[in-house]
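Biologist: Please put the structure up, and I will ask about it piece by piece.

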Amino acid sequence: MTHEYVIEMREITKKFGDFVANDKINLQLRKGEIHALLGENGAGKSTLLKCILGFIKSISGVITIDGKSLADVRKQIAYIPQVSAVNWNFPIRVKDVVLMGRYASLGWLKWPRKKDKELAHQALCEMGIEEFENRQISQLSGGQKQRVFIARALCHDADLIVMDEPLAGVDQTSEQIIMDKIKELQKAGKTIVCVHHDLHTLKEYFDHVVFINKYVIANGKIDDVLTEENIR
Ligand code: ADP
Ligand code: MG
C-alpha cells in the first residue's frame, strides 16, 4: 500500500540541554508536492530537517517516512545541507562531491563504476556546471555550490529530497536552474521539502507551506496560510 503522506510527524520535540528547538511538532506532508518550511532565524528549521533525516539523536515523538520507520529508509532520502553549515575548505573536487550521491545505492565498500561516473556527469550537465567538474568545491560561487549539491541529490535518485535553503545567496540564473529542476523532479513523482526565506516567491515555487517558530504556527496551502496575521 502506498501512503498519501510521505512524512508524518507526531509530537516531535528536540531539546539541546534545556533549550527547546522543536516543540511538539505534528505534521503530515503529502507525497508529490513541493513543501516550503519557513520561520525566522533560530526557529528550528534546520533542526527539524535533521530530525527527518535521522541525523540527530534523542528526539521524542514519532516520525514515519512513507509509513516506514526512519531507520529503514534514511539512506533513501536525499539531503542538501545549508551552505553556511558546510566546511568549504575541505579539499574535494566538484565531480567527487556529485559522485557521493551514488554511495547510498552503491553500498558499503563498493567502488563507483563507470555507470556511476556517467550518472554523476549527467547530473553536472543537467545543472549546467560540467565545466567546473575538476575544480575544488571552494572555488565556486554560492549559486554554483548549490547546484553541485543538487547534482549530488540527483545522483542519489531518492523519492524524497530535503533541501536546507537551496536559494539562499544564489544568483538569479542559479535560482532559475534550481527551481526548474525542482519542478521537473516533482513531475517525476518526487516529494521536495525546502527551507525557504522569501515570501515573494512562495506562491510561484511551492504547493504547501509550513511556518514554524519552534512549534507549527501555520500549515496548509499557500493561499490559506499567507494571511497578514501569519506573516506578522
Ligand atoms: P534555523 O535553521 O531555523 O535558523 P536551527 O534549527 O539551526 O534554526 O536552530 C534552532 C535553535 O537550536 C537555535 O537557537 C540554535 O542555536 C539551536 N541549536 C541548533 N543546533 C544546536 C546544537 N547542536 N546544539 C545546541 N543548540 C543548537
Ligand atoms: Mg537553518
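Biologist: Which atom of ligand 1 lies 2.6 Å from a polar side-chain atom of Thr47?

Modeller: This is a predicted model, in which local features need pLDDT of at least 70, side-chain atom pairs count only at pLDDT 80 or more, and totals for chains, interfaces and linings use all residues. Residues are numbered from 1 along each chain as its sequence is written, chains are lettered from A and ligands numbered from 1 in the order in which they are written, and side-chain values use heavy atoms, with hydrogens and water left out. A polar contact is a pair of N or O atoms within 3.5 Å; within protein, one must be able to donate a hydrogen and the other to accept it, and residues adjacent in sequence count only if both atoms are side-chain atoms. The partner of Thr47 at 2.6 Å is an oxygen atom of ligand 1.

Biologist: How much of the accessible area of ligand 1 does the protein cover?

Modeller: Accessible areas come from the Shrake-Rupley method with a 1.4 Å probe; for residues, only the protein chains shown count as cover. On its own, ligand 1 has 560 Å² of accessible area, and the share covered by the protein is 58%.

Biologist: Which element gives the largest share of the shell around ligand 1?

Modeller: Helices (H or I, at least four residues) and strands (E, at least two) are DSSP runs, numbered from the N terminus. The residues around the ligand, with a heavy atom within 4 Å of it, include Phe16, Gly42, Lys45, Ser46 and Thr47. Two or more residues each come from strand 2 (19-30) and helix 1. The largest share, three residues, is that of helix 1.

Biologist: At what distance from ligand 1 does the polar side-chain atom of Lys45 lie?

Modeller: The backbone also takes part, since a polar backbone atom of Gly42 is 2.8 Å from an oxygen atom of ligand 1. For the side chain of Lys45, the partner is an oxygen atom of the ligand, and the distance is 2.8 Å.

Biologist: Which residues are the protein donors of the magnesium ion (ligand 2)?

Modeller: Donors are N, O and S atoms within 2.8 Å of the metal (3.2 Å for Na, K and Ca); water is not among the atoms, so sites may look incomplete. The protein donor atoms, OG and OE1, lie 2.1 to 2.5 Å from the ion and belong to Ser46 and Gln82.

Biologist: How many residues apart are Ser46 and Gln82?

Modeller: Ser46 is in helix 1 (residues 45-53). Gln82 is in the loop between strand 6 (77-80) and helix 3 (94-99), and the two are 36 residues apart.

Biologist: Is Asn22 buried or exposed?

Modeller: Buried means under 20% relative accessible area, exposed over 50%, and partly exposed in between (1.4 Å probe, protein chains only). Asn22 lies in strand 2, and a polar atom of its side chain is 3.0 Å from the backbone oxygen of Gly44. With a relative accessible area of 0%, Asn22 is buried.

Biologist: What is the geometry of the aromatic pair of Phe55 and Tyr79?

Modeller: Rings of Phe, Tyr and Trp (its six-membered ring) pair if their centres lie within 6.5 Å; planes under 30 degrees apart count as stacked, over 60 as edge-to-face and the rest as tilted. For Phe55 and Tyr79 the centres are 5.2 Å apart and the planes at 75 degrees, which makes the pair edge-to-face.

Biologist: Why does Tyr79 count as buried?

Modeller: Phe55, at 48% relative accessibility, counts as partly exposed. Tyr79 counts as buried because its relative accessibility is 16%.
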